[in-house]
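Open the model in your viewer and keep the selection box handy. We will go from one stop to the next, and at each one you will hear what to select and what is there.

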Amino acid sequence: MPVTSAGLLVYRREPAGPEVLLAHPGGPWWRGRDAAAWSVPKGLPEVGETLEAAARREFREETGLEPPRPRIALRPVRTGSGKVIHCWLGEADLDLGTFRSAPFELEWPPRSGRRILTPEIDALGYFGEAEAWKRIHVGQRPILREAFDLLST
């Protein structure tokens, strides 16, 4: 059975066009990587939790910000690794100055036995379509395409 993830893609309307909120993953593996490294804030649902509720909880945990109400359910996307991402669009112009991410423990370097604590996300940013397209993880591009198609109508 594939791993299922739930996420919330927040957007805001700007004079130049809509912008989406993307998250840069924390930890040493992602440090210094920008192109195709950013993601929709998302995570795994807990037992008995709806996917929409999981998307809102994960957004809150990963950003420290109050998520907007999801407005539109996007089509599920299967990534190259086989993970299925369920994503919703929600509109909000959030104050990113109050961003804080929950930490997680990681073995680093791999197989070293050494554990470090690192934030799940180390940066958040709103991006217009062209910039978001460069930054989003390749497996999540269908989410971005559908979102900008819907937001441009």
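A residue is called buried when its relative accessible area is under 20%, exposed when it is over 50%, and partly exposed in between, using a 1.4 Å probe and protein chains only. Helices (H or I, at least four residues) and strands (E, at least two) are DSSP runs, numbered from the N terminus. The model is predicted, so to speak of local features pLDDT of at least 70 is needed, and side-chain atom pairs count only at pLDDT 80 or more, while totals for chains, interfaces and linings use all residues. Residues are numbered from 1 along each chain as its sequence is written, and side-chain values use heavy atoms, with hydrogens and water left out.

**Stop one: Glu146.** Select helix α3, residues 141-151, and pick out Glu146 within it. Is Glu146 buried or exposed? Its relative accessibility is 11%, so Glu146 counts as buried. Contact here means heavy atoms within 4.5 Å. Apart from neighbours within four places in sequence, Glu146 touches Leu74 and Arg75.

**Stop two: Arg78.** Now move to strand β5, residues 77-78, where Arg78 sits. This residue counts as exposed because its relative accessibility is 56%. Setting aside neighbours within four places in sequence, Arg78 is in contact with Pro2, Lys83 and Val84. Show the side chain of Arg78 as well: one of its polar atoms lies 3.3 Å from the backbone oxygen of Gly82. That falls under the definition of a polar contact, a pair of N or O atoms within 3.5 Å; within protein, one must be able to donate a hydrogen and the other to accept it, and residues adjacent in sequence count only if both atoms are side-chain atoms. For a link across the sequence, add Gln140: its C-alpha atom is 8.6 Å from that of Arg78, although the two residues are 62 apart along the chain.

**Stop three: helix α1.** Select residues 51-63. How far apart should the ends of this 13-residue helix be? At 1.5 Å a residue the expected span is 18 Å, and the end C-alpha atoms are 18 Å apart, which agrees; the expected span is 1.5 Å times one less than the number of residues. Colour the buried residues of α1, among them Ala54, Ala55, Phe59 and Thr63. Their cover includes β1 (4-14), β2, β3, β6 (84-91) and β9 (121-127). Just after α1 comes Gly64, with a positive phi near 75°.

**Stop four: backbone details.** Go to the loop between β7 (103-107) and β8 (115-119), where Pro109 lies. The peptide bond joining Trp108 and Pro109 is cis, with omega about -5°. Arg111 is found in the loop between β7 and β8 too. Its phi is near 60°, a positive value in a residue other than glycine, and Arg111 is exposed, with a relative accessible area of 77%. Then select Ala36, in the loop between β2 (17-25) and β3 (42-43). Ala36 also has a positive phi near 60°, and it is partly exposed at 26% relative accessible area.

**Last stop: the largest pocket.** Select Pro25, Trp30, Ser39, Lys42 and Lys83, which lie nearest the centre of the largest pocket among its 28 lining residues. Which strand gives the largest share of the lining? That is β2, with 3 residues.

Definitions and conventions: 1 Å grid on protein atoms, 1.4 Å probe; cavity = no way out; pocket = protein on both sides within 12 Å on 5 of 7 lines; lining within 4 Å.
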